[in-house]
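Dear colleague,

I am passing on the structure we spoke of, and below it you will find my notes on what turned up. Please read them with the coordinates open beside you.

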Amino acid sequence: MNILAIKLPDVGEGITQAELVEWNVKVGDFVREDDIIAAVMTDKATVEIPCLYDGTIVQTNGDIGDSLAIGSDLVLIETEAEGASVEPDEVEQSTPEPAVVEEVKKPAPAAEKVVSVVEKQASTPSTSAPAMPRAEGAPVLASPALRARARNSGIDLRLVHGTGPAGRITDADLDQYAQSPSQQNGSANGSGKAKREGTEEIKVIGMRRKIAERMSKANANVPHITVVEEVDVTALEDLRAKLNSERGDKPKLTILPILSAALSRAVYDHPEMNAHYYDEKGVVIRHAPVHIGIATMTDAGLMVPVLRHAEAKCLFEAAQDIQDIADAARKGSANREQLSGSTITISSLGPLGAIVTTPIINLPEVAIVGVNKIAIRPVWEGDQFVPRKMMNISASFDHRIIDGWDAAVFVQKIKSLLETPALIFVEA
Amino acid sequence: MKREQCKVLIIGAGPGGYVCGIRAGQLGLDTIVVEGEKPGGTCLNVGCIPSKALIHAADEFHKAKTFRGDNKLGISLLNPEIDFVKTQKWKDGIATKLNTGVTGLLKKAKTRLIQGNASIIDGKTVKVVTSEGEQIIECEHLVLATGSSPMELPSLPFSDHVISSTEALSLTDVPKDLAIVGGGYIGLEIGTAMAKLGANVTIVEMDQQILPQYDADLVKPVTDRLKKLGVTLHLGAKAEGVTTDGALKISTSEGMQEIAADKILVTIGRAPNIKGFGVEDLDLKMDGRHIAINDVCATSMRNVFAIGDITGDPMLAHRAMAQGVIVAEHIAGKPSVWDKRAVPAVCFTDPEIVTVGQLPSAETKTAMFPFAANGRAMTMEREDGFVRVVYDADSELVLGLQAVGNGVSELAGEFALGIEMCATLTDIADTIHAHPTLGETVQETAHLALGHALHI
């Protein structure tokens with residue numbers, strides 16, 4: 001028997017570490033070759049790590065949420081397979097420090113791991129207040145004194161959840177029920193609504209941790225200037241309706257491909273907006289291609305798949321691409337190419353788009369355009385109000401690089417393009 | 001005719017009625033209890049108490065007899081004798097003392113006790129025939145607590161020769177040959193006592209087992225003891241009648257037999273007293289042969305309640321008492337209801353049997369700890385019997401507690417408390433039980449169920 005290490009493989013180009021997001025094995029488990037032992041997450045993807053040998057896990061290194069160095073020992077496995085034997089650490093399983101990479105710029109690991117830790121009170125589970133009524137005829141387990149107390153309080157013990165041994169109802173259970181009876185017994189307080197107690201601790205790991213880090217970094221480091229402008233999209237919507245009615249087999253046009261085209265056109269005149277700012281290097285890199293990040297809601301959280309070369313795509317190509325990358329992001333099948341390299345970002349919440357938003361820059365970009373919802377509003381046209389389809393855009397800029405004037409001019413440019421959509425397609 | 005009014009009228013001063021009367025009085029309700037006989041009912045006058053007195057006397061006499069010859073304790077005694085008339089007088093003295101006690105307790109609670117026979121006119125009006133004449137009592141709430149009477153066999157009508165438990169407890173002579181029809185707890189208790197007092201006892205039971213409501217494990221120590229005492233058991237046998245010379249005719253699988261008998265005691269059960277005093281005219285909803293009640297002992301007629309033996313099984317004094325309290329409190333506006341998890345039952349056989357809660361079934365698990373491994377049992381020369389716990393395997397909730405053994409009736413309290421408190425095996429196992437007592441066995445049984453008995 002040999003004890004061999006399975007090292008964390010290079011799961012992404014050029015990365016030096018990955019975050020452990022899931023253990024599929026524990027010490028003592030027998031695993032076979034190709035069984036999945038763990039999942040790690042890089043900036044852009046979650047990767048499952050397969051086992052290389054048949055054998056028994058003797059040590060696992062790292063807790064969920066830890067950053068592990070590429071090439072470090074992920075698990076030690078006792079196996080018949082040949083290889084360079086290693087010694088398990090003497091230390092307890094719960095302190096697998098060797099594999100944890102200290103990130104120089106980050107605060108202490110504990111603070112880094114959990115963004116907001118709220119106190120959890122195990123003794124008052126939030127679910128116990130509005131307890132499930134017992135099945136008809138099921139015995140109520142309570143002492144005679146407690147039964148008397150319940151009778152005198154007008155409480156039907158069948159509705160009280162018992163937390164004691166064998167489901168026995170305790171005085172505390174009755175106290176809690178008396179304070180927050182469920183709907184079945186609204187007489188004990190006025191509203192008949194249950195007061196909820198307790199908290200739930202949710203570890204901020206994986207995607208959510210990445211999002212949290214990026215958001216706080218952007219918000220902390222970048223002085224944002226947000227410009228909101230209203231746009232009359234009546235003409236644009238007419239055009240869109242016309243194009244959609246005649247689209248045939250082509251994908252349905254949403255406002256996003258049109259907006260992408262408008263952005264591509266606008267940044268041609270404002271190259272400072274299609275740029276990355278590397279503040280630590282003191283350099284701004286302006287990009288010729290327009291790779292538009294499309295902020296997309298997925299089950300795992302906010303992702304920003306990228307519409308590449310928006311400047312070279314016709315509306316329907318862009319529509320198809322946006323649909324494809326958004327689907328890929330939602331399914332978790334997006335590749336690195338689809339998830340990186342954006343030069344400017346669009347954030348749209350569709351019908352939920354509110355009146356104004358304050359988008360946060362997708363670092364290291366310098367501009368983000370938020371799209372608010374379209375609504376028909378009365379607009380004064382010389383002598384009368386007319387109903388127009390109106391939409392606000394809320395665009396944020398890195399104020400270190402973009403002055404307010406430039407931001408306003410850029411937003412006016414977008415407004416002008418969207419209000420007269422033919423301009424989008426006029427050669428620059 | 002004298003007319004009276006009251007808030008609560010209780011017919012019957014047995015354990016249900018008098019307790020209801022005391023509690024109602026305590027709660028300030030204007031209450032009258034009507035009783036045709038002495039207060040205390042069957043229990044106090046012709047049931048629980050007198051039978052226990054006779055059992056005690058018989059035990060003492062029997063013990064004395066065992067010292068006549070060679071015995072392990074080295075006690076020697078010459079021909080002990082019993083003056084049974086004196087024994088009966090002593091027994092009656094206890095009953096009288098308790099009668100007086102009940103009367104006093106009612107008085108203390110300011111509840112009136114009227115001696116007389118009640119007949120119901122309607123749900124709010126009762127006529128009572130007293131020694132001073134008839135009177136009418138009008139009440140707001142009527143509580144029926146009229147109890148039960150020994151059942152007769154058509155083939156064996158009661159007479160001087162064929163008697164019920166009532167007469168059996170008042171015999172002034174120990175019969176030479178006593179035949180008992182019915183192997184339930186009443187027949188066994190009296191039969192055992194009579195056997196110890198010197199009677200030649202034969203018990204006839206239709207079922208294949210005495211005490212048919214219990215399982216074979218619980219009954220076996222009793223059967224063994226009866227055999228040692230020389231009691232003859234006829235199981236699967238049916239009483240057919242009396243011969244001209246007074247013998248009991250029975251039919252068994254082996255054919256007809258005759259059992260010589262100076263007295264034939266019929267103990268085949270008790271029937272509720274619900275006829276002959278106007279209850280039938282109330283047309284109350286029935287539950288079989290008993291009056292149907294809900295969880296506050298209310299009958300189908302508004303403000304008419306029923307408690308005790310007339311409401312069905314188990315026909316036990318302590319059940320009636322608990323019902324009496326609930327009814328009084330309910331009438332007083334308190335939220336009392338019948339929410340008991342168990343009614344303990346005790347057979348004062350030899351050895352005694354006590355059962356509380358569920359008996360073993362396919363859905364439950366059991367653990368049994370024998371008194372043979374209990375020090376106190378050894379010191380009392382009684383190692384027969386056991387304690388048994390019936391529990392739910394998943395939750396370890398104790399569902400039932402039973403014991404058979406000498407003196408185990410006193411475990412009824414712990415058993416009932418355990419069940420009512422919803423004790424788990426660990427609750428019992430982790431409670432220190434005093435050494436050396438029979439009660440230690442209860443703790444050991446719980447340990448055994450948990451897989452770590454210490455003394456076996």
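To begin with chain A of this predicted model, the chain holds 9 helices and 18 strands, and 32% of its 428 residues count as buried. Among the contacts in chain A with a separation of 6 or more, 66% are between residues 24 or more positions apart.

A word on confidence belongs here before the details. Chain A has a mean pLDDT of 82, with 82% of its residues at 70 or more. The pLDDT stays under 50, however, over residues 91-131 of chain A, a stretch for which the model nevertheless has 61 contacts beyond four places in sequence. Residues 183-188 of chain A are also below 50, and for this stretch the model has 13 contacts beyond near neighbours in sequence.

Turning to strand pairing in chain A, strand E2 (residues 17-23) takes part in two pairings that I looked at. With strand E7 (residues 67-69) of chain A, E2(A) runs antiparallel and is joined by 3 bridges, and within this pairing Ala18(A) has Leu68(A) as its bridge partner. With strand E4 (residues 36-41) of chain A, E2(A) pairs over 4 bridges, again in the antiparallel sense, and here the bridge partner of Leu20(A) is Val40(A).

The two chains touch through 11 residues from chain A and 12 residues from chain B. On the chain B side, these residues divide into 5 nonpolar, 4 polar and 3 charged.

In chain B, helix H11 (residues 412-420) has several buried residues, namely Glu414(B), Phe415(B), Ala416(B), Gly418(B), Ile419(B) and Glu420(B). The elements that cover them come from both chains, and include helix H2 (144-152) of chain A as well as strand E21 (352-357), strand E24 (398-405), helix H12 (425-429) and helix H13 (440-449) of chain B. Just after H11(B), Cys422(B) takes a positive phi of about 60°.

Elsewhere in chain B, helix H3 (residues 48-66) packs against helix H4 (residues 84-108) at an angle of about 145°, the axes lying 9 Å apart, and the crossing is right-handed. H3(B) contributes Ile49(B), Pro50(B), Ala53(B), Leu54(B) and Ala57(B) to this contact, while H4(B) contributes Thr87(B), Lys91(B), Ile94(B), Ala95(B) and Leu98(B). By class, the contact between H3(B) and H4(B) is made up of 8 nonpolar residues, 1 polar and 1 charged.

With best regards

Key
Residues are numbered from 1 along each chain as its sequence is written. Chains are lettered from A and ligands numbered from 1 in the order in which they are written. This is a predicted model: local features need pLDDT of at least 70, side-chain atom pairs count only at pLDDT 80 or more; totals for chains, interfaces and linings use all residues. A residue is buried if 20 or more other C-beta atoms lie within 10 Å of its own, exposed if 12 or fewer, and partly exposed in between; C-beta atoms are placed from the backbone. Two residues are in contact if their C-beta atoms, placed from the backbone, lie within 7 Å. pLDDT is the predictor's confidence in each residue, from 0 to 100. Ala, Val, Leu, Ile, Met, Phe, Trp, Tyr, Cys and Pro count as nonpolar, Asp, Glu, Lys and Arg as charged, and the others, Gly among them, as polar. Two strands pair if DSSP finds at least two bridges between them. Axes are lines fitted to C-alpha atoms, for helices over the stretch in contact, and angles run from 0 to 180 degrees between N-to-C directions. A crossing is left-handed if the near helix is turned anticlockwise from the far one by less than a right angle, and right-handed if clockwise.
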